[in-house]
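Thank you all for making time this morning. I would like to walk you through one model, one part after another, and I will pause on a few questions as we go.

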Amino acid sequence: MPTDSPDYTFTPTDEAIEIRASTVLPADRRNIELQTADGLTLVGEFAAPAGGRTPRATLVTLHPLPTHGGFMDSHVYRKASFRLPALADIAVLRFNTRGTCSPRGCSEGAFDGGDGERLDLQAAVEWAVAQGLHHIWLVGWSFGTELCLKYGAQDPVAELIEGAILLSPPLHRAGDADLDAWGASGLPLKVLVPEFDDYLVPEDAERRFARVPQADVTGVDGAKHLWVGEKYAARALNEIVGVVRPELELPLPTRWAGPAAVASSQ
């Protein structure tokens, strides 16, 4: 059933614990299904602040390339869903694009190289709007950044979102015309570029994204394309929160006092 909740066992703690990669903090979580305009069912999960608290912002996440192991559980997004509802009152929507499988299940259809995925992005944003969510931001990682850049500034998505945050944009499928369209939209764009990225390093990103006057390009020292390691995953989450909840004090807490669970490894 699409409304089944993910299964975590929460236990109380007598004192604050360190938040580790597998630490799951309380949230209202449910498995969801998205329906695309071309008739596909996509599987996903939605995590919101616990106790029915209204999210102060909502992230619609777009995962790395599924033909190279990307899916809704790619580690930065998994950690976002584990932590951000509790630490920042931010809701996190994760889903598998067409033809992508994960422990959550398989989305219908087949990988379409970034073309048909336009409808996947649209379905996710429209689902969030239908739930009454506000302050919706796109977060793309690698292949997901291409979807953000190609389709986020186009209607009907552009009028429904606040902006986008990009992790490790390769700029393979998205070209100058897409950057120009994003610039013309006026939508905010935060670009996080690892120092040792395999595809686009900070210096080149500054040059390419100069076509988007409102783009804020930040190089991340020591990071690589996949943001491996708690240090870099935490940096990505802090940067995301800094954009969507600029009023919050950062960095996010690294310790938690309250019920917590431990997720299984993927």
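Let me begin with F196, which, if we leave aside its neighbours within four places in sequence, is in contact with G222, A223, K224 and H225. Please keep in mind from the outset that what you are looking at is a predicted model. F196 has its place in strand β11, and its C-alpha atom is separated by 6.6 Å from that of G222, although the two residues are 26 residues apart along the chain. Is F196 buried, exposed or partly exposed? With a relative accessible area of 45%, F196 is partly exposed, because buried would require a value under 20% and exposed a value over 50%.

H225, one of the contacts of F196, brings us to the largest pocket, since H225 is among the residues that lie nearest the centre of that pocket, together with L65, H68, S142 and Y199. The lining comprises 19 residues, and these divide into eight nonpolar, eight polar and three charged. As for the space inside, the largest pocket holds about 370 Å³.

Let me turn now to the interior. As a general point, nonpolar side chains in soluble globular proteins tend to be buried together. In this model the largest nonpolar core has 46 residues, and the ones with the most contacts inside it are L138, L189 and F209. Which helix gives the most to this core? That is helix α2, residues 117-130, which contributes six residues. Another core, of 32 residues, lies apart from it, and I19, L87, V139 and A236 are among its members.

Staying with L189 for a moment, and not counting residues up to four places away in sequence, we find that L189 touches L149, A164, L166, W182, F209, V212, Q214, A215 and D216.

W182 deserves a look of its own. W182 sits in helix α4, and with a relative accessibility of 0% W182 counts as buried. Again not counting residues up to four places away in sequence, W182 touches C148, L149, G152, A153, I161, G163, A164, L187, P188, L189, V212 and Q214. If we take V212 from that list, we see that W182 and V212 are 30 residues apart in sequence, yet 6.6 Å apart in space, C-alpha to C-alpha.

Two of the contacts of W182, namely C148 and L149, belong to the buried residues of helix α3. Why can we say that helix α3 is largely enclosed by the rest of the structure? The reason is that nine of its nine residues, 143-151, are buried. The buried residues include E146 and K150, alongside F143 and Y151. What do these residues pack against? They pack against β5 (57-62), α2, β9 (136-141), β10 (163-167), α4 (176-185) and β11 (189-196).

C148 also leads to the cysteines. C148 itself is buried, with a relative accessible area of 1%, whereas C101 is partly exposed at 41% and C106 is likewise counted as partly exposed at 47%. A search of the whole structure finds one disulfide, and that disulfide joins C101 to C106, with 1.9 Å from S to S. The link of C101 and C106 is right-handed, with 115° about the S-S bond.

I would like to finish with some details of the backbone. In general, most residues other than glycine have a negative phi, and most peptide bonds are trans. Where, then, do we find cis peptide bonds in this model? One runs from D155 to P156, with omega near 10°, and P156 is found in the loop between α3 and β10. Another runs from L250 to P251, with omega near 5°, and P251 lies in the loop between α6 (230-244) and β13 (255-256).

Positive phi values appear too: phi of S168 is near 55°, and phi of L171 is near 55° as well. S168 is in the loop between β10 and α4, and L171 lies in the loop between β10 and α4 too. S168 counts as buried at 0% relative accessibility, and L171 is buried with a relative accessible area of 7%.

Conventions
Residues are numbered from 1 along each chain as its sequence is written. This is a predicted model: local features need pLDDT of at least 70, side-chain atom pairs count only at pLDDT 80 or more; totals for chains, interfaces and linings use all residues. Side-chain values use heavy atoms; hydrogens and water are left out. A disulfide is a pair of cysteine sulfur atoms within 2.5 Å. Buried means under 20% relative accessible area, exposed over 50%, partly exposed in between (1.4 Å probe, protein chains only). On a 1 Å grid over the protein atoms alone, a cavity is a set of points where a 1.4 Å probe fits but cannot get out, and a pocket is an open set with protein on both sides within 12 Å along at least five of seven lines; lining residues have an atom within 4 Å of a point. Grid points are joined across faces, edges and corners, and a volume is the space filled by probe spheres set on the points. Ala, Val, Leu, Ile, Met, Phe, Trp, Tyr, Cys and Pro count as nonpolar, Asp, Glu, Lys and Arg as charged, and the others, Gly among them, as polar. A nonpolar core is a set of buried Ala, Val, Leu, Ile, Met, Phe, Trp, Tyr and Cys residues joined through side-chain atoms within 4.5 Å. Helices (H or I, at least four residues) and strands (E, at least two) are DSSP runs, numbered from the N terminus. Contact means heavy atoms within 4.5 Å.
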